[in-house]
Amino acid sequence: MSRTHDALIADRQANDVLLISDVLGAVKRTVLVGQSEGLLGPIAVESSEDNQRVFIADSGSNSIYSLELASGTVTHLSSRRPLAGLFRLRGKSIFRVTELT
């Protein structure tokens with residue numbers, strides 16, 4: 001996550017996205033989103049620039065998940081094209097998600 005000692009991990013085998021808090025100190029592991037929310041193959045995870053939201057590219061469901069950290073609200077948008085990852089563009093939360101053609 002931006003300017004913190006926290007890390008986001010997309011675990012494709014477990015179909016989980018994890019938040020590892022305080023990686024330089026008292027490490028805490030939290031599952032943010034998993035199979036119970038429909039996650040089937042996370043390939044990328046990024047935070048918004050202000051660290052208020054987490055975005056997940058899921059190739060298994062061909063969806064982009066958005067998690068609001070304060071409320072825990074998870075939403076998702078389906079894609080018609082195969083997802084390639086989350087590639088940050090200009091702006092606070094703008095990403096390219098498919099391959100360039």
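1. Strand 5 and strand 6 (residues 63-68) pair in the antiparallel sense, and six bridges join them. Here strands are DSSP runs of E with at least two residues, numbered from the N terminus, and two strands pair if DSSP finds at least two bridges between them. Within this pairing, Val54 has Leu67 of strand 6 as its bridge partner. The two strands make a hairpin with four residues between them, and Asn62 in the turn has a positive phi of about 55 degrees.

2. A word on the source before going on. This is a predicted model, in which local features need pLDDT of at least 70 and side-chain atom pairs count only at pLDDT 80 or more, while totals for chains, interfaces and linings use all residues. Residues are numbered from 1 along each chain as its sequence is written, and side-chain values use heavy atoms, with hydrogens and water left out.

3. On its other pairing, strand 5 meets strand 4 (residues 42-47), again in the antiparallel sense, over five bridges. Pro42 stands opposite Asp58, and Ala44 stands opposite Ala57. These strands also form a hairpin, with five residues between them. Do have a look at Asn51 in that loop between strand 4 and strand 5: its phi is positive, near 60 degrees, though the residue is not a glycine. Asn51 counts as buried at 16% relative accessibility (buried means under 20% relative accessible area, exposed over 50%, partly exposed in between, with a 1.4 Å probe and protein chains only).

4. Taken together, these strands belong to an open sheet of four strands in the order 4-5-6-7, with antiparallel pairing. Strand 4 and strand 7 (74-78) stand at the edges with a single partner strand each, so one side of each has no neighbour in the sheet. From one strand to the next, the twist averages 20 degrees, where axes are lines fitted to C-alpha atoms and angles run from 0 to 180 degrees between N-to-C directions.

5. How much of strand 5 is buried? Five of its six residues are, which leaves the strand mostly covered. Phe55 is buried, with a relative accessible area of 11%, and it also takes part in an aromatic pair with Phe95.

6. The count of aromatic pairs comes to one. Rings of Phe, Tyr and Trp (its six-membered ring) pair if their centres lie within 6.5 Å; planes under 30 degrees apart count as stacked, over 60 as edge-to-face and the rest as tilted. The ring centres of Phe55 and Phe95 are 5.4 Å apart and the planes stand at 55 degrees, so this pair is tilted. It links distant parts of the chain, since Phe55 is in strand 5 (residues 53-58) and Phe95 is in strand 9 (residues 95-96), 40 residues apart. Phe95 is buried too, at 15% relative accessible area.

7. Arg96 is worth a glance as well. Its charged end sits over the ring of Phe87, 4.3 Å from the ring centre (the rule asks for NZ of Lys or CZ of Arg within 6 Å of the ring centre and within 35 degrees of the ring normal).

8. Finally, the earlier part of the chain. Strand 2 (residues 16-21) and strand 3 (residues 28-33) pair in the antiparallel sense over five bridges, and Ile20 has Arg29 as its bridge partner. Six residues lie between the strands of this hairpin, where Asp22 takes a positive phi near 55 degrees. Asn15, in the loop between strand 1 (7-11) and strand 2, has a positive phi of about 55 degrees without being a glycine. Asn15 is buried, with a relative accessible area of 10%.
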